[in-house]
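Q: Got a minute to walk through this model with me? I'd like to get my bearings before going back to the bench.
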Amino acid sequence: MKEQKQVVIYDSAHCLGRRPNNYVVLLVLATWIGCSSITQVSNKEVISEGTSPLTLVCFQMLFGTVVFLLVPKHIRGNVGWSDCLTTSPKLKYLPFIVGLCNAITHTLTSYAMQMITPALTHITRGTEPIWMMTFSYLILQKEVSLFQVMSVVLMIIGVASIGYGGNVEESKSHDAVFKGIATTLAANVAISIRNCASKMYTQVTSKHLSYPEVCTYSFGIMALPCIAQYLLFERKRGSIYLLIASVFHVLYSTMSFYVLSFVEPSSHSVIKLFS
C-alpha cells in the first residue's frame with residue numbers, strides 16, 4: 001500500500017514545527033474580521049474628535065513597535081533588514097520599503113475617512129485585487145489568467161456603481177467624494193506594493209515579516225513628521241478610542257500578515273474583502 005503524500009499549504013509550518021490546523025485558520029480569519037471592524041469604527045471616532053490621521057497612524061505604529069520590542073529576541077529572531085543583508089545585500093532595504101508603504105497605506109486611508117464614509121472607504125478598498133494582481137505580475141512575476149482579469153474588472157464596475165450611487169445622495173460635496181475615492185485608490189496601490197514586497201522578502205530569506213516588526217520601520221519613518229505636526233498644530237490630548245484603535249489595528253494587521261504568509265497576495269486581497 002503506497003503512502004499518501006500530504007500537501008503542506010502553509011509554507012512557514014516548518015518554522016512553527018507543526019502543520020496548520022483548519023480550526024486555527026478559521027480562528028485567525030474570525031479575529032481578523034472582528035478586529036478590523038472595531039478598528040474602523042474606532043478610527044472614525046478618533047478622527048471625529050479632532051485627532052489628525054497622521055497622529056492616529058503614528059500612534060498605531062508606535063504601539064506595534066512596543067509589542068515588537070517586548071517579544072524576546074530568541075522568539076522573534078533577527079530583524080528583517082539583517083536577514084536580507086545576509087542572504088541578498090541588494091535587497092537589504094526591502095523591509096523598509098514594506099514599512100514605508102504600510103505607513104502610506106494607513107495614513108491615506110485615514111485621510112479618506114475624513115472625506116467619505118467608512119462604508120464607502122471600505123467599498124473602494126474592494127478594488128484592491130486589481131492592483132494586487134498588477135503588482136504581483138510586475139514584482140513577483142506571477143502570471144494572470146484571463147478569467148482573473150475579467151472577474152476583477154466586473155468586481156470594480158460593481159464596486160464603483162454601488163459605492164458612488166450609495167454615497168452621492170448623502171454627501172453635500174461631490175468634490176470630497178472624488179478626492180476620498182482617489183485617496184483610497186492610492187492606498188490600494190501602496191498596500192499592493194507592501195504585500196508583494198513582503199512576499200519577495202519571504203522568497204529571498206525563507207522567513208516572514210511580522211506586522212509588529214513592520215510597525216518599527218513605519219514608526220521610524222513617521223515619528224519626526226508626526227511630532228512636528230503635534231507640537232506645531234495639534235496639541236490635543238489622546239482618548240481611550242486612540243488606544244482601542246491602536247490595539248485592534250495591530251491585532252487585525254497581525255492576523256492579516258499571518259494569512260498573507262501562506263496565500264498569494266492576490267488571494268489575500270480577495271479574502272480581505274470580508275474584513
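A: Sure. One term before we start: when I say two residues are in contact, I mean that they have heavy atoms within 4.5 Å. Also keep in mind that this is a predicted model.

Q: Okay, use that on Met-222. Which residues is Met-222 in contact with, leaving aside its neighbours within four places in sequence?
A: Leu-54, Val-57, Cys-58, Met-61, Ala-103 and Thr-107.

Q: Is there a nonpolar core around there, and which residues touch the most other members?
A: Met-222 belongs to the largest nonpolar core, which has 16 residues. The members that touch the most others are Met-61, Val-98, Leu-209, Tyr-211, Val-214 and Met-222. At least two residues of this core come from each of α3 (53–70), α6 (94–115), α10 and α11 (211–234).

Q: Which helix gives the most to this core?
A: That's α11, with five residues. There is also a second, separate core of nine residues, and Val-28, Trp-32, Cys-35 and Phe-262 are among them. As a general point, nonpolar side chains tend to be buried together in soluble globular proteins.

Q: Let me zoom out. How many helices and strands are there in the protein chain?
A: The protein chain has 13 helices and zero strands. Of its 275 residues, 44% are buried.

Q: And what joins up with what along the sequence?
A: Take the contacts between residues at least 6 apart in sequence: 84% of them join residues at least 24 apart. As for the surface, the chain exposes about 14900 Å², with carbon and sulfur atoms supplying 67% of that.

Q: Where is confidence lowest, and where is it highest?
A: Helix α1 (residues 13–16) is lowest, at a mean pLDDT of 36, and α3 is highest, at 92. Over the protein chain the mean is 78, and 76% of the residues reach 70 or more. Residues 1–19 stay under 50, and the model has 17 contacts beyond four places in sequence for that stretch.

Q: Good to know. Back to α6, then: is Thr-105 buried or exposed?
A: Thr-105, which is found in helix α6, has a relative accessible area of 0%, so it counts as buried. A polar atom of its side chain lies 2.7 Å from the backbone oxygen of Cys-101. Not counting residues up to four places away in sequence, Thr-105 touches Arg-125, Ala-187, Ala-190 and Ile-191.

Q: What about Ser-253, buried or exposed?
A: Buried, because its relative accessible area is 3% and the cut-off for buried is under 20%. Ser-253 is in helix α12 (residues 240–260), and its side chain reaches the backbone oxygen of His-249 at 2.9 Å.

Q: Which other residues of α12 are buried?
A: Quite a list, including Leu-242, Ala-245, Ser-246, His-249, Val-250, Tyr-252, Met-255 and Phe-257. On helices in general, there are 3.6 residues a turn, so residues three or four places apart point the same way.

Q: Does the length of α12 add up? What should its 21 residues span?
A: They should span 30 Å at 1.5 Å a residue, and the end C-alpha atoms are 30 Å apart, so the two agree.

Q: Same check for α10: how far does α10 reach from its first C-alpha to its last?
A: Helix α10 (residues 174–205) reaches 47 Å over its 32 residues, close to the 46 Å expected. Ala-182 is found in α10 and counts as partly exposed because its relative accessibility is 45%. The C-alpha atoms of Ala-182 and Leu-108 are separated by 9.7 Å, with their positions 74 residues apart along the chain.

Q: And what comes right after α10?
A: Ser-206, which has a positive phi of about 65° although it is not a glycine. Generally, most residues other than glycine have a negative phi. Ser-206 sits in the loop between α10 and α11, and at 55% relative accessibility it counts as exposed.

Q: Last one: is Leu-27 buried or exposed?
A: Exposed, because its relative accessibility is 57% and the cut-off for exposed is over 50%. Leu-27 is in helix α2 (residues 22–48). Its C-alpha atom and that of Met-255 are separated by 9.6 Å, although the two residues are 228 apart along the chain.

Note on methods. Residues numbered from 1 in each chain as written. Predicted model: local features only at pLDDT ≥ 70, side-chain atom pairs only at ≥ 80, totals over all residues. Heavy atoms only, no water. Helix = DSSP H or I, 4+ residues; strand = E, 2+ residues; numbered from the N terminus. Buried < 20%, exposed > 50% of the residue type's maximum accessible area, 1.4 Å probe, protein only. Areas by Shrake-Rupley, 256 points an atom, 1.4 Å probe, with all protein chains shown as cover. Expected span 1.5 Å × (residues − 1). Polar contact = N/O pair within 3.5 Å; in protein donor to acceptor, adjacent residues only side chain to side chain. Core = buried A, V, L, I, M, F, W, Y, C linked by side-chain atoms within 4.5 Å. pLDDT = per-residue confidence, 0-100.
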